[in-house]
Every structure is written in C-alpha cells, then in structure tokens.
Amino acid sequence: MTPEPTPSAPTAPLSPAPHRHTDTKHGGAKHGDGRHDGKHGETKHAEVKQGGAKHGGTVPPAVVRHESSRPWQLAALAGLAAVALALGIWSLLSVDPDRIGGTGLVEALPAVYFVALALSLAGFVATLNLRRHTPALLAGQVLVLVVILHAADPIVHGLPRLEASYRHLGIADYIARSGQLDTNLDAYFNWPGFFDLLGLLSGATGVRDLMGIATWAPLGINLLLLAPLLALATRLTSQPRQAWAGVWIFYLTSWVGQDYLSPQAYAFMLLVTLLACLLSVFSGWAWPTGSKPFTRSLAHTVAKLDPTVQHQGITSPPPADAAVLLVVCAGILVAMTASHQLTPFAVVPILALFVLTGRLRLRYLPILAAVLPIGWLVFVASAYFEGHLGQLFGSFGDIQANTLGAVTQRVSGSEDHVQVVYTRLAEVAFVWVLAAVGAVMAHRRRTAWLTAAVGALAPLALVPGQPYGGELLLRLYLFSLPFAACLAVLILIPDRQGAPGWKRSIALLVMGSVLATATVVTRYGNDSMEKFTREDVSLVNRLYATAPAGSILIEAVGNTPWQFQKYAEYDYRELLAAQPRPDAAPLTCDAPNRIAQRTGAYLIITTSQKVAAELLETTPPGDLDRFIATCGASPGWTKVFDEPGGVVFHIKGAGNGI
Amino acid sequence: MAFDRKYVTYAVGGIAIAAMPLSFFGPEGLRLVVIGLLMLAGPGTALVRLLRFGPPDSPEARGTLPLAVSIAVASSLGLSTIVATAMVFSRMWSPPAAVFLLSLVTLGLLALGARRSRGSLAGAR
C-alpha cells in the first residue's frame, strides 16, 4: 500500500512562518523562512527567531546566533545530575518501609530525597536554558528524574508492586510451560499477547522466575517510553526545547502507576510509538482540500485554528520505505490488539481526529484500528464476549455512571486514603487547566497546538462506553497525558528556538516542583497496600509447599502476592475484593466454611491484606485480627503457619478429601 | 556516523547469531541478556538500519533518532508478540523456534540494509 498523495490546503497560512521543528544537531537554520548570512561556521549555530509570530506573523523572522555552551557549564550540569542521582538512590535505600502509612511513601521519605528531586528539577531547567540546545544532557537529566521519581518501589522494596504483577507472572509462567491458553481460567487469556511475549522470554531463556523483571518494570517501562514520548512531542510542538519540556512534564505528572509489568503498560508504549510514527511519516490531508465544500471548509477551519498544521510532518521517506513503515504501524496495531482490551479502542478516536485535522493522510487507518479490536473481541475473545455482554454494554451511554459515579466510588476509604484521592483529582485538574491555558496561548501566538489538543481530547470519546471497572478515567488521563503535557509547556517555553530565559526557567522550575511534589503523594499514595514484603511472599511459598495440587486457596481480602507460580494448579478464591465498602459488615466464618464445605480449603491472611482492608475500609477497623482470633478457634480450623507475613489456616471439609 | 552504524550492525548481527544456540542451552543470565536484547530491539534495529527517513544527511534524517529508536523497540517487541501469539494459537509452541525465526528476520534485514547501503554508495560515486 502506497501512501496517498498530500495535497496542500488551499488556504494560505495566516502566519508567514509557522513554527516547526528544524533544530537538530546544528541548531536548525534550515527553516523555510530562515535566512543565514552565508558564513558556514556561523550558520552552524544559528537558530531562527520567530519574533513575528507572536504578533500575527507580521515581522520577518530574524536569525539569532548562539555561542556554544561553555564546557564548565556542561560539566557542572552533568555533575548536578550525578549528585541528584546518587542522593536520590541513597535516600530511597534509607527508607524504612514500616514507616509507610496511609498517605503512602511520602511519610517515610527522608528530607534528602526532596533535595535530590529539587536538584534534578533544577538540573533539567538549567540544561533547557543553555544557549545551545543539548539533547544528550537533557536526556541525562530526564533519566535521573525517572530514576528518582519512578523507581522508588524497586529501590525501597526490592519486590514487584501490586498483586496484579504476581498474577501476570503466573500467567506468563503457565504459557511458558504449556504453550496453551485456558480462557476458562482467566479473562486475561483472551488477550494473551503480552503474556505470550513474557512466556517466550521465559521459555527461550530457561529463566522461570521473572520476579526481577517485574520488580524493575516501572523503571524499565519509563525508560522505554522516553524515545517514543520525545518522538511524539517533537511532532506536537514548535521547537525541540518545548518537546523536551513536554516529556519532562509527562514524567512529572504520570502518577497513574500503570507502569508495572502489565499489558496496559506495554500497549501504552506501542500506542505512543504508533502515533509518533504516523505523525512523522504520514502527516497531511487524506483528501484534496480544494474540491468539495466540506473538505475546503474543514481545511480552512484547521488553518485558521492552527496555521502550522500543514507544516508539521517532517520526514519524507522514499515510497517503499513509507510502505514498510505502514506495515510496521499495522503490526503494532495487531500486537496491541492481541495484548490489551482498552488501548486499541483509544487509538480509534485519536486517529479519526488526526485524519479530520489534516495530520494523518491514511484515511482507512482509523477503520482498520476499529476493525481489529472489534474483530478480536467477537471472534478471538468470543467466549468472553458472549459471557460478559451485560458487563461490556450494560452501562453504554451512561456518562454519569462512567465518570462521576466511578470517581465518587474512589473517594472513599480511610481519611488518609481520601486525602490522597483528592490530591490526585487536584493534580489531574491542574494538568488539564495548564493544558487548556497552553492551548489558548498557543492559538493566540499562532503556533502548533491543535494536534496536541486533539490528541488530549480524543480519548474522552471512550467515556460513554463503560466504566472499565471504575478505572476508565485513570486510563483516559494516561492516554491524554503525552498530549496535555505538550500543551502545558506552551505557557512557559517560547516558540522561537533558543534558551527560554531565566524568568521563564524559574517559573518552569516552580511549576515542576509543585507537580513533582504532588506526584510523590499521588503516585505512591497507596504504597502501604501496593508494596509487599519478603515475609508476605515467604508465607505464600510455604503455602504452595504445603497445599496439594487441586486445593482451594482462599484469601480473606484480595491483596496477596500469589499466583506467580502454579497458576492453574489451585482453585484461587477471595472473600472480599480490595476496595472501599462503606458501612462494611464484619467478616464471618460462614463464607470460608461454605467454600471449604466439601473438599476443605486453605485460608491465607497476610499483612498486606490487613493493610489494604484498613486503608480502603474494606472491613471495619481491626476486623481481620478479630476474624483470625474467633474463626481460627472454630472446629475444623487448624492454624498451619503463623509467621510475620501472616497466617494460614486449613479448614476441614465434610469429605476432607484434602 | 558511518562508524556508529557499522558497529550497530555488528552488534545486532552478533546478538542474532548468538541467540540461536543460546535458546537451547547456556547460562541463564547470558541467555536472558542476549535473547532479551534480541526480542527487545533485534529485528527492529535491523529494520531501522534498512529504512531511510529522508534524504541522507538532511535535518529530517538526522532529527529522527528518537523515532528510529522507538520504531526499533516497538517493532521488535511487536514482532515477538505476534510470533509468540501465533505459536500459541496454532498449538506449535516452541520458544527456540521463535528465537530462530527472530534471528533469521534480523539477519535478513541486516543483509538487505548492507546491500542497500552499498547500492547507495555506488550510486553516489
């Protein structure tokens, strides 16, 4: 398939010099309207100043010559990054996990951590403000921030966070050993792509225990996201410093915590890469814009809103290479579809709006992007589709239930937890306000903003679909964040190439500090229940060593680090899901007794379950301890283990086959 | 730059060749590093080496490093996912065979890239 031709819009750009990226290694004097003085040595460091754009493009662009940054400045900034990194890691290593309370990790962090964070933020802003754009140093500063802000869990705890990580390891282990899927066992097997990938890694290397990879996944995934985020931001902004600042803001506000070893993290990385590739290589109108009134009016409207749109695709590969890249994009869509339920559906509105705003000339791609996940759901995940029609479509169109209803559900639990939830809502609102202000300012300055705004808003088209287990808004925030971050930086980073200046840099540092501090709270606000200890895992291992295959294993509250092995060998049950239950009734012995009635069962109550129950108020305060004391003394209950990680009971069944 | 490209080619080719026997035997740590790298970036890096994002030495071509890295990683992981998923659905699960296939694709793309580079150089002369 050869890319379609890209006729330009009939409307002349309202600004004579729309902003676009040209500054690469050599400063970027290759702007269409840029001029150089003919001296080779000087043009190498020249950057085009778009002084006129701010005033409607009436003033021709001037050339600003930049001196190279002084070596001592570069060395000082590199040293600053190294000090921030060392202090950050050292402070995280000194955290006492027992001090992590209801508001999360922030309670246990030493003051040095915030010094490290501040140094990291200052290092980035100072690097951004160097006279010469220095991508390598900016990359180093962002990497330091990623380690300090997003690698706290592996450094502090040394174990995977979230119980889902452990389940994911178990599914991958099952596939690696058997090479098969069991859709009756778990809905995950209907979208097995990511687990197949992990299973392939495990099977081909002989490494059965991928716990280390799961532990360090938050760091690895954020590092893998850097290049796609930068490639995407480069296509959304007017100059490289805006793009770097956009990536920086993304990391500062990415609190959703989906960056564990999960299909959604993998699919998100594919999504960002796909969009970056499409905007880079296939940008343009999908149809001639002068022939029909509708297309003419559309092109005129887009040009009026953002005159830079028609200039934003930069790469022009040969047709054969473009065709190969199209196949790559289709392959990414297929891999994403096979791996995750939601992400491929988020792609559809984004691509459709890109087509309608002249940023994607492949008019059939949104259709392919829709056909793939729908076809997968109907034909491949057919068992799930037929069995969950009510869940899939039951709340279709119920916008209030899918938005406010889901948010309201989350604003509950212990007082500390509610504070964290409110901080999250405030941070989301702050990011969206910054993005909106950035979009308005960019529109007035006639610089690039429309594609980022469209990308930020498009995922909201999924709102009428379903609440996605109450997590839809969280996921939509994540999908829109790369775009919203690029809009937010437009407030402070100028469109002309060159250093933003100290006043803007200080403002950027203040904004970054506010966001970083909020993210320490919001990202790690559930750390007390999302982290696990070696004692928790040790208790699970002892349970596995004791319970015969085929046993029923019960967890009192769904927050146990288990299923990372023997995924299909046991019948796993839970008494209560780990979620807020207003006016929760005390646990009774009846529920586990009923489950164990026939064949008997093992009941595990870990410290992590108790923490989750207290934090979310799943049970009344202290109820799990009371449950252990009273039910543990019941006839037929035998305490098998009582360790620092928790307790395990064996409940005798009537047949007592086990 | 050509120096870098040459060594990237050697490294990717070396990983692809080493991964084939390592998918059967070898120390676990070494197997994890080599096969992990192949799945993470092998075929994609070879593909990116083959592609041209714009006229050589143009700002467009130079400014696409983040995009090239992204495509290298996403296409490698995507291909690994598709191969593994196809094997599971066709009930032909064989991780060493999948690694062999990924290695072959990588080496094939590297060979095509080398041929194309030679062609470009000859054309330039």
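This short talk covers a helix packing between two chains, some aromatic pairs in chain A, and the make-up of chain B.

Please keep in mind throughout that we are looking at a predicted model.

Let me begin with chain B, whose secondary structure comes to five helices and zero strands, so that reading from the N terminus its elements run α-α-α-α-α. The chain has 125 residues, of which 50% count as buried. If we take the contacts in chain B with a separation of 6 or more, 67% of them are accounted for by residues 24 or more positions apart.

One of these helices, H4 of chain B, spanning residues 65–89, packs against helix H12 of chain A, residues 319–339, at an angle of about 55 degrees and with the axes 9 Å apart. That angle makes H12(A) oblique to H4(B), and the crossing of the two is left-handed.

Which residues of H12(A) and H4(B) meet? From H12(A) come Leu325(A), Val328(A), Gly331(A), Ile332(A), Val334(A), Ala335(A) and Ser339(A), and they meet Ile71(B), Ala74(B), Ser75(B), Gly78(B), Thr81(B) and Ile82(B) in H4(B). Sorted by class, this contact of H12(A) with H4(B) has eight nonpolar and five polar residues, and no charged ones.

Let me now turn to the aromatic rings, where a search of the whole structure finds 24 aromatic pairs over all chains. One of them joins Tyr113(A) and Phe114(A), with 5.5 Å from centre to centre and 90 degrees between the planes, an edge-to-face arrangement. Is each partner buried or partly exposed? Tyr113(A) counts as buried, because its relative accessibility is 1% and the cut-off for burial is under 20%, whereas Phe114(A), with a relative accessible area of 30%, is partly exposed.

A further pair, Tyr166(A) with Phe532(A), is also edge-to-face, because the ring centres lie 5.3 Å apart and the planes stand at 90 degrees. Tyr166(A) sits in helix H6 of chain A, residues 163–178, while Phe532(A) sits in the loop between helix H22 (527–530) and helix H23 (534–546) of that chain, and so the pair ties together parts that are 366 residues apart in sequence. Both rings belong to buried residues, with a relative accessible area of 0% for Tyr166(A) and of 2% for Phe532(A).

Finally, Tyr166(A) and Phe532(A) belong to one aromatic cluster, in which they are joined by Tyr544(A), Trp562(A), Phe564(A), Tyr570(A) and Tyr572(A).

Conventions: Residues are numbered from 1 along each chain as its sequence is written. Chains are lettered from A and ligands numbered from 1 in the order in which they are written. This is a predicted model: local features need pLDDT of at least 70, side-chain atom pairs count only at pLDDT 80 or more; totals for chains, interfaces and linings use all residues. Side-chain values use heavy atoms; hydrogens and water are left out. Axes are lines fitted to C-alpha atoms, for helices over the stretch in contact, and angles run from 0 to 180 degrees between N-to-C directions. Helices (H or I, at least four residues) and strands (E, at least two) are DSSP runs, numbered from the N terminus. Angles under 35 degrees count as roughly parallel, over 145 as roughly antiparallel, 65 to 115 as roughly perpendicular and the rest as oblique. A crossing is left-handed if the near helix is turned anticlockwise from the far one by less than a right angle, and right-handed if clockwise. Contact means heavy atoms within 4.5 Å. Ala, Val, Leu, Ile, Met, Phe, Trp, Tyr, Cys and Pro count as nonpolar, Asp, Glu, Lys and Arg as charged, and the others, Gly among them, as polar. Rings of Phe, Tyr and Trp (its six-membered ring) pair if their centres lie within 6.5 Å; planes under 30 degrees apart count as stacked, over 60 as edge-to-face and the rest as tilted. Buried means under 20% relative accessible area, exposed over 50%, partly exposed in between (1.4 Å probe, protein chains only).
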